[in-house]
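This report introduces a molecular structure to a reader who has not met it before. Please view the sequence and the structure together before reading on.

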Amino acid sequence: MKKLLTMFLAAIMLLGTMAGCGDTASSGASAQAQDTSVNVSQDGMPIVDEPITLHGLVALNANVTDWNEHPALKRMEELTGIHIEWECVPDEGFTEKRNLLFASNTLPDIIVRAKLSPQEEMKYAANGQIIALDDYFDYAPNLKALIDSDEAIRKGITMPDGHVYSCPQLNKTEGNLIHHYWINKTWLDNLGLEEPTTIDELYDVLIAFRDQDPNGNGQKDEIPYCVVGKDYPHRMFYDLLGSWGFGVNGIVNSDYSFSWLDIDDNGKVRFIGREEKFKNMVEFLNKLWEEGLTDKESYSQDQTQVAAKVNADQVGFVARAQNTQWMGAAAENYVQCPVLEGPYGDRALIDVESNVQMTGVAVITSANKYPEATMRWLDYFYSEEGTVLCRLGIEGESYEVVDGKYQLLDNITNNPDGLTLDQALGQWAIYPGGYLPQYVTDEVDQSAAQLPETKAANDVVRDYVVPFEKVPRVKLTEEESIKLGTYAQDIVNYATENVVQFITGEKSLDEWDAYVEELNNMPVEDYIQINQDAYDRWLA
Amino acid sequence: MVKMLNGAVGFFKKQKDPKPIMSREEKRAVNALKRRRIRTKLNQSKGLYVFLIPAILYFLVFCYLPMYGVQIAFKYYSPIEGIWGSQWTGMKNLNRFFDSYYFWRLIRNTVGLSLYNLIVSFPFPILLALIFNEVQSPKMKKVVQTISYAPHFISVVVLVGILNLFFNQGNGLINVLLAKMGFEKFGFLTSAAAFPSMYVWSGVWQNAGWNSIIYIAALASIDPQLHEAAQIDGASRLQRILHINLPGILPTAIIMFILDIGQVMNMGFEKVFLMQNAQNTETSQVISTFVYEAGLINSDYGFSTAIGLFNNVINIILLLVVNKLAKKISGTSLF
């Protein structure tokens, strides 16, 4: 009896282990309806004459409720006749999950908030895992119209092989596209100082911030120049690049990380980190560091830590984000610092985004049996009603139309339960977190980009802003990606590491020439050439 | 059950004995006897072997089966083609790693940090266990022990958060104290020179208590008669620790050491990555963070597999060498 029991228990345990390795991710591709002969209308709703079901994967923002229960998507289903079963993966673990699905080739029909870099897009397109959307543009009247009307959009979303593989997030609102640098106006007023307009004046102001106790607490706890540099060491200088003439024709970024490449006045790609002018800039930053003007924690702190310092009234100058929302209550102390004129007479604000704000936002996979219907489903979001549904939610529940203008309701902007704007809005709209197919204009935008203080900040810099159309959206071919993969990271790391050492004084500037020489021993020219090709392709 | 296990161990040991010279018939008889003995042994402990099955399956499914995927270290992996179908690229992935500008620095940092970690964090649990063993009151012993291993349960993210709070340059506790004592504030978090020590000593704080448990168990199994005899002979406490306790746990310590050596190249990724910033990459860039940057971000599985393979080959070599040395010097070894 006992023996039997033992055997039985062991068998159960065995089954348990086996179940553990069972395949749980295969639901997507296989469980598809056999019948694909559904009539898809090219305009008008519903999209399909009989309801169809798709499987979707989405990166869920923490402020948005489950997409399967979400009223905005319920509305979409009523409208279109397309039912989508969403697998919602929280933002934090999404990339791993997505990569895993691609690597194991168990794909859903559609991925929204897909966060694919152009390189990944090319790779999966080359694998045949995501389909070319331009084949289905007949079913995308809204997107097609936008592409036809705006050459920059077409250039921004077209891949090197001439196809479009993902839906973009398009944005026409200035307030969302310009990133600012902020100076503490209260401190300036306390000391009776003018806003600086040149780099030299900035230096004097920072010195005054350091020495004259602008926050009036009797302690020397002021941090004149503060940087959020933990994961982005280039933030130390990125926002000031325009004052030394870099990036005025656009920075070449193919992968949303700093590439050290910009376009010079002759349309040639240039490596910033070895220019003589850049050395001058590094000298300036080194001076700030040595004089104790720069926050010594700059390279190890993230946004939360900086926000805490800002709120403790310790920060004089800080570059970060399109608006001051992240500062919380201290936001009222800060105004946009005028665009600074550098030692060579350059004056520009280069930290702007393209109108094609993001690509790789939504893709249709090769597992999808209804690409036409799916394309139209995605395309709806590029119409005004679609973007409104996406950003503002449901009329009467989260927004209303007053005098032909959209307005968020009071229960959203001033939530009785104390929810923040994003949290309250996330119950009705899917917009919080961004990365969605949408066409954002000032008419439909109700975000912080429309706040009067953001508009005021834009007024200050408008004359010096790099035009949004100039921001290149270069795309590498699969071969170019592979080639770059072998050395690009080394070059970027080498430049970053050394420039950080020059700025912090760990390396003397006398060693600059040796650094440049060593850099030139690396395949920098190939690196530039590949990006030049990509840039020329983008221009064409 | 313990008896049965002992029986099994005894059986394996017996097999290793050198065989006396025998005639063919004798051999056959002995073999038959042996076989019969095995069968009875198996029969006696049938239930136990069933319990083994999950463990065997676990290793088969999660350790041996995945090994066939190692081949993508020499391929350009494409999910559509699958592991077998992907195109062979030969040594390309490995060469890309060897040719990397930072290759030697990566090796230096990885091995250096690991060895530093090993040398510092290895003796502490032993020391701690010896001390705990001398605590007279059992209640006190339990309290101290619990306190010492509690940090083990803090997640790495939180641990690094604590480090950031304590050591940051502006208003971290340590720096405030330094400033109060008239020293200059020091960027513990951003200094490349300080990084290895920050990494290692925070690890000691976190794990020494937990790792001491195994030594405490080993100490408990030392025959009390030895202590009694030593006491009668007039041995002092320190003498008893040195001549009874220490030799008593030495075999355990050696096994632990060999196991640790086998992990030298597998520098934990999370903690280094979380503690890394632009100012300390000089010492904080290790193989695993490099793989993350170069391989996983671009989901280049072939490349990361190649580096993983390289790591494991070095680990196995180290393990074998140290195992051999330990066997020669002290007679204790894994196999």
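The report below treats the contact between chains, a sheet, a pair of helices and a pair of domains in turn.

The model described here is predicted.

**Contact between the chains**

Chain A and chain B meet through 35 residues of chain A and 31 residues of chain B. On the side of chain A that touches chain B, the elements giving two or more residues are α1 (2–20), α4 (91–104) and α20 (488–504) of chain A. Of these, α20(A) gives the most, with eight residues. By class, this side of chain A holds 12 nonpolar, 17 polar and six charged residues.

**A sheet in chain A**

Six strands of chain A form an open sheet with mixed pairing, in the order β2-β1-β3-β11-β4-β14. At its edges lie β2 (82–90) and β14 (438–440) of chain A, each of which pairs on one side only. On average, neighbouring strands of this sheet are turned by 25° against each other, direction ignored. Within the sheet, β4 (residues 167–171) of chain A and β11 (residues 356–364) of chain A run antiparallel and are joined by three bridges. A:Leu170 has A:Val356 in β11(A) opposite it.

**A pair of helices in chain A**

Helix α20(A) also meets helix α12 (residues 276–290) of chain A: their axes come within 7 Å and cross at roughly 50°. Because of this crossing, α12(A) is oblique to α20(A). From α12(A), the residues A:Val282, A:Leu285, A:Asn286 and A:Trp289 take part in the contact, and they meet A:Val499, A:Phe502, A:Ile503 and A:Thr504 in α20(A). The contact of α12(A) with α20(A) has six nonpolar and two polar residues, and no charged residues.

**Domains of chain B**

Chain B is divided into two domains, domain 1 (2–13 + 21–82) and domain 2 (91–330). The C-alpha centres of domain 1 and domain 2 of chain B lie 33 Å apart. Their contact takes seven residues from domain 1 of chain B and six residues from domain 2 of chain B. On the side of domain 1 of chain B that touches domain 2 of chain B, six residues are nonpolar, none is polar and one is charged.

**Residue classes of the contacts**

The table sets the class counts side by side.

| Contact | Nonpolar | Polar | Charged |
|---|---|---|---|
| Side of chain A that touches chain B | 12 residues | 17 residues | six residues |
| α12(A) with α20(A) | six residues | two residues | no residues |
| Side of domain 1 of chain B that touches domain 2 of chain B | six residues | no residues | one residue |

Notes:
Residues numbered from 1 in each chain as written. Chains lettered and ligands numbered in written order. Predicted model: local features only at pLDDT ≥ 70, side-chain atom pairs only at ≥ 80, totals over all residues. Contact = placed C-beta atoms within 7 Å. Helix = DSSP H or I, 4+ residues; strand = E, 2+ residues; numbered from the N terminus. Nonpolar A, V, L, I, M, F, W, Y, C, P; charged D, E, K, R; others polar. Pairing = 2+ DSSP bridges. Axes fitted to C-alpha atoms, helices over the stretch in contact; angles between N-to-C directions. Parallel < 35°, antiparallel > 145°, perpendicular 65-115°, else oblique. Domains from an automatic or database assignment.
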